[in-house]
Amino acid sequence: MSRFTHADRVRSVIDIPEEFAAAQELYNGAEGRTFVTALPELAAGFLDRWDLRLDGPAMHGVAALVLPVVRRDDDTPAVLKLQLPDDETEGEPVALRAWNGHGAVRLLDHDQATGTMLLERLDPDRMLSHLPDSREAVRIIARLLAHLTATPAPPELRRLGDLARDMLDETTPTTLSRIPDPGDRRLIADCAAALRDVAAEPGDRLLHWDLHYENVLASTRAPWLAIDPKPLAGDPGFELLPALWNRYDPAETRWRFDAMTDHLGLDRARARAWTLGRVLQNTLWHLEDDEPPPPEHLEIARRLRRYGG
């Protein structure tokens, strides 16, 4: 029997980072506040259920609270990831099981009802974003994507074809009119035209959908592993934009695009079209929030639009 009572464990994880609580309220409103209030009890329950002990201070992003833990039965270091259930929460363990640790963090346990996951522990202090050589960082992303997208997507995941149709349906003159600059409007219309050319063949590979440099951590069993997938079934060309605009350097746009398409063996014209489609997707998201398209995304689209590859 554990030497800690359930109440002791609740008290030991009651200190929720203020930044995390603020992000939950900002993005999830009342549901986020309820989730944050329930977190100590939720964490204590999984510490008991999976026989874990805490092993360090909480970490967090925008969507999840991550607790370093150790499994009592075998002293395995791990992390407990607590998050609100949604489409991404449902898909993440599906993808991690399919990859089974090849190129991505390994899933140790999962609770479907709450979206809670027990994951192998990587090194949060060694992100790929800390690597000084940006070109080597791109090569590492490309190698990981080659591993990850080699896996066929499980049938229950969201499909890129459905997202592409929705994006094209949303790209109306009224929507485009919310972009004040005429040149930017034409650019996003060109992104929609490029997407329309490839949307009929959306692909069936297992995509990470958010593989940027802060979602790659060092590990003792592999130099680098991907975390936090937002899984999707589709064409690997849809994976490239995060590595283009994170650590953005306009002069490296074509080099990064060529390096990734070469390493993944992608048809450059199709990858270009899917990347422009990704710019369209992000633009539509920003317009929904009454925000302008990100300037970096627009610049990437300009450079790829006039690049024949």
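## Helix H2, the H10/H11 pair and two positive-phi residues

Helix H2, residues 18-49, spans only 27 Å between its end C-alpha atoms, whereas a straight helix of 32 residues would span 46 Å at 1.5 Å a residue. The model is predicted. H2 has a kink of about 145°, and the kink is centred on Asn-28. Buried residues of H2 include Phe-20, Ala-23 and Gln-24, and also Gly-32, Phe-35, Val-36, Leu-39 and Pro-40. Ala-43, Ala-44, Phe-46 and Leu-47 are likewise buried. An α-helix has 3.6 residues a turn, so residues three or four places apart point the same way. Asp-51, with a positive phi near 55°, follows H2.

A second topic is helix packing. Helix H10 (residues 268-288) and helix H11 (residues 295-305) have axes that come within 10 Å and cross at roughly 155°. Because angles over 145 degrees count as roughly antiparallel, H10 is roughly antiparallel to H11. The crossing of H10 past H11 is left-handed. On the H10 side the meeting residues are Arg-272, Thr-275, Leu-276, Val-279 and Asn-282; on the H11 side they are His-297, Ala-301, Leu-304 and Arg-305.

Most residues other than glycine have a negative phi. Two loop residues with positive phi are tabulated here.

| Residue | Phi | Loop between | Relative accessible area |
|---|---|---|---|
| Asp-75 | about 60° | strand S3 (64-71) and strand S4 (77-83) | 53%, exposed |
| Trp-209 | about 80° | strand S8 (205-207) and strand S9 (216-218) | 8%, buried |

Neither Asp-75 nor Trp-209 is a glycine. Asp-75 is exposed, whereas Trp-209 is buried.

Conventions
Residues are numbered from 1 along each chain as its sequence is written. This is a predicted model: local features need pLDDT of at least 70, side-chain atom pairs count only at pLDDT 80 or more; totals for chains, interfaces and linings use all residues. Side-chain values use heavy atoms; hydrogens and water are left out. Helices (H or I, at least four residues) and strands (E, at least two) are DSSP runs, numbered from the N terminus. The expected span of a helix is 1.5 Å times one less than its number of residues. The bend at a residue is the angle between axes fitted to the seven residues ending there and the seven starting there. Buried means under 20% relative accessible area, exposed over 50%, partly exposed in between (1.4 Å probe, protein chains only). Axes are lines fitted to C-alpha atoms, for helices over the stretch in contact, and angles run from 0 to 180 degrees between N-to-C directions. Angles under 35 degrees count as roughly parallel, over 145 as roughly antiparallel, 65 to 115 as roughly perpendicular and the rest as oblique. A crossing is left-handed if the near helix is turned anticlockwise from the far one by less than a right angle, and right-handed if clockwise. Contact means heavy atoms within 4.5 Å.
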